[in-house]
Amino acid sequence: MTKIDVLCRCILPCFSAAAATDSSTTGIGTTTKKRLSTSLRDDIQDDHLRDLPENEEDSTTTDEGIAGLGHPQQAPPRPSKTMVIGTIFGHRRGHVWFCVQHDRLNTKPSLLLELSIPTQQLVKEMRCGLVRIALECDRSDLGSCPLHSVPVWTMYCNGRKLGFAIRRKPNENNRVMLKIMQSMTVGAGVIPAGLGSADGDGELMYMRANYECVVGSCDSESFHLINPDDCPGQELSVFLLRTR
């Protein structure tokens with residue numbers, strides 16, 4: 001046996017054992033590393049799953065808060081500013097008056113008109129269920145005058161010309177009558193003679209209700225009767241028109 005063969009037999013096993021030891025050590029290290037990384041991933045995943053419901057809860061609460069801010073609770077609707085109190089009254093053997101109030105406690109009406117139509121005739125017209133009173137004035141004569149300040153109107157009732165309507169200032173009898181009706185918004189009846197009228201004029205008939213006031217322009221305004229829910233329909237409208 002040569003010296004080279006002896007050296008190979010003695011030295012090569014040492015290198016092989018060292019290589020095996022290194023490889024096994026490397027394998028252990030690698031395995032250890034894999035276990036550490038796997039356990040870290042598991043821990044991170046567990047922490048994420050643990051935190052997820054809280055995050056979702058927080059986000060839900062936040063979304064609800066934002067939704068609450070984005071959609072505030074609506075306030076109850078306010079009363080219509082176009083609603084007024086209208087009173088039609090007159091003596092049985094007299095003619096009709098039309099009174100408009102923005103406040104039932106105020107005995108000074110915003111509009112008071114004396115109409116030439118007799119009370120009994122208006123009652124007959126109302127039995128048909130439809131009454132339209134149109135009051136017209138000439139723009140050339142009263143173009144710059146507010147509608148509520150026009151002194152004289154030409155009057156039409158259901159298309160027929162029936163004389164005139166005159167703007168009046170409330171007298172003492174009118175104030176007494178409105179004071180008697182302060183506690184009433186809707187109703188109809190008769191006031192005995194001597195209350196709100198002179199003794200010789202007899203009983204005073206009245207119909208009091210809410211009206212919708214519609215302002216079309218500076219030359220047109222109208223009042224439309226609002227019927228109570230439990231009463232039959234009665235269409236009654238009063239138009240103020242300034243024409244050419």
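Helices and strands here are DSSP runs, numbered from the N terminus. With that in hand, one residue can be placed: Ile166 lies in strand β6. The model is a predicted one.

## Overall build

The protein has 4 helices and 10 strands. Read from the N terminus, their order is α-β-β-β-α-β-α-β-β-α-β-β-β-β. The chain counts 244 residues, and 27% of them are buried. Consider the contacts between residues at least 6 apart in sequence: 53% of these join residues at least 24 apart. The exposed area comes to about 16,200 Å². Carbon and sulfur atoms supply 57% of that area.

## Salt bridges

How many salt bridges does the count come to? The count is 5. Three of them are set out here.

| Pair | N to O distance | Relative accessible areas |
|---|---|---|
| Glu203 and Arg92 | 3.1 Å | Glu203 38%, Arg92 36% |
| Glu125 and Arg160 | 2.3 Å | Glu125 11%, Arg160 40% |
| Arg139 and Asp219 | 3.2 Å | Arg139 36%, Asp219 15% |

Take Glu203 and Arg92, whose closest N and O atoms are 3.1 Å apart. Glu203 sits in the loop between β7 (187-191) and β8 (204-217), and Arg92 sits in the loop between β1 (83-91) and β2 (95-101), so this bridge ties together parts that are 111 residues apart in sequence. Glu203 is partly exposed at 38% relative accessibility. Arg92 is partly exposed as well, at 36%.

Next come Glu125 and Arg160, whose side chains meet in a salt bridge of 2.3 Å, N to O. Here too the pair links distant parts of the chain. Glu125 belongs to helix α2 (residues 119-127), Arg160 belongs to strand β6, and 35 residues separate them. Is Glu125 buried or exposed? Glu125 is buried, because its relative accessible area of 11% falls under the 20% cut-off. Arg160, at 40%, is partly exposed.

The bridge between Arg139 and Asp219 has its closest N and O atoms 3.2 Å apart. Arg139 is in helix α3 (residues 139-142) and Asp219 is in the loop between β8 and β9 (220-225), so the two tie together parts that lie 80 residues apart in sequence. Which residues join Arg139 in one network? Asp219 and Arg242 do, through salt bridges that share partners. Within that network, Arg139 is partly exposed at 36% relative accessibility. Asp219 is buried, with a relative accessible area of 15%.

## Surface patches

Two surface patches follow, one charged and one nonpolar. Lys108, Arg167, Lys169 and Arg175 gather on the surface as a patch of positive charge. Where is Lys169 found? Lys169 is in the loop between β6 (160-167) and α4 (172-180). Its relative accessible area is 71%, so Lys169 counts as exposed.

The nonpolar patch is made by Val152, Phe164 and Ile166 and covers about 250 Å². Ile166, placed in strand β6 at the start, is partly exposed at 32% relative accessibility. Patch membership requires over 30% relative accessible area, and Ile166 has 32%.

## A buried leucine in β9

Leu225 has its place in strand β9. Leu225 is buried, with a relative accessible area of 14%. What is Leu225 in contact with, leaving aside its neighbours within four places in sequence? The partners are Ala209, Asn210, Tyr211, Gln234 and Leu236. The C-alpha atoms of Leu225 and Met83 are separated by 9.9 Å. Along the chain, Leu225 and Met83 are 142 residues apart.

## A backbone detail

Asn158 is not a glycine, yet its phi is positive, at about 55°. Asn158 has its place in the loop between β5 (152-157) and β6. At a relative accessible area of 29%, Asn158 is partly exposed.

Technical notes
Residues numbered from 1 in each chain as written. Predicted model: local features only at pLDDT ≥ 70, side-chain atom pairs only at ≥ 80, totals over all residues. Heavy atoms only, no water. Patch = residues over 30% accessible without salt bridge, like charges linked within 9 Å, V, L, I, M, F, W, Y side chains within 5 Å. Areas by Shrake-Rupley, 256 points an atom, 1.4 Å probe, with all protein chains shown as cover. Salt bridge = Lys/Arg side-chain N within 4 Å of Asp/Glu carboxyl O. Lys, Arg positive; Asp, Glu negative; His and termini not counted. Charge placed at Lys NZ, Arg CZ, Asp CG, Glu CD. Buried < 20%, exposed > 50% of the residue type's maximum accessible area, 1.4 Å probe, protein only. Contact = heavy atoms within 4.5 Å.
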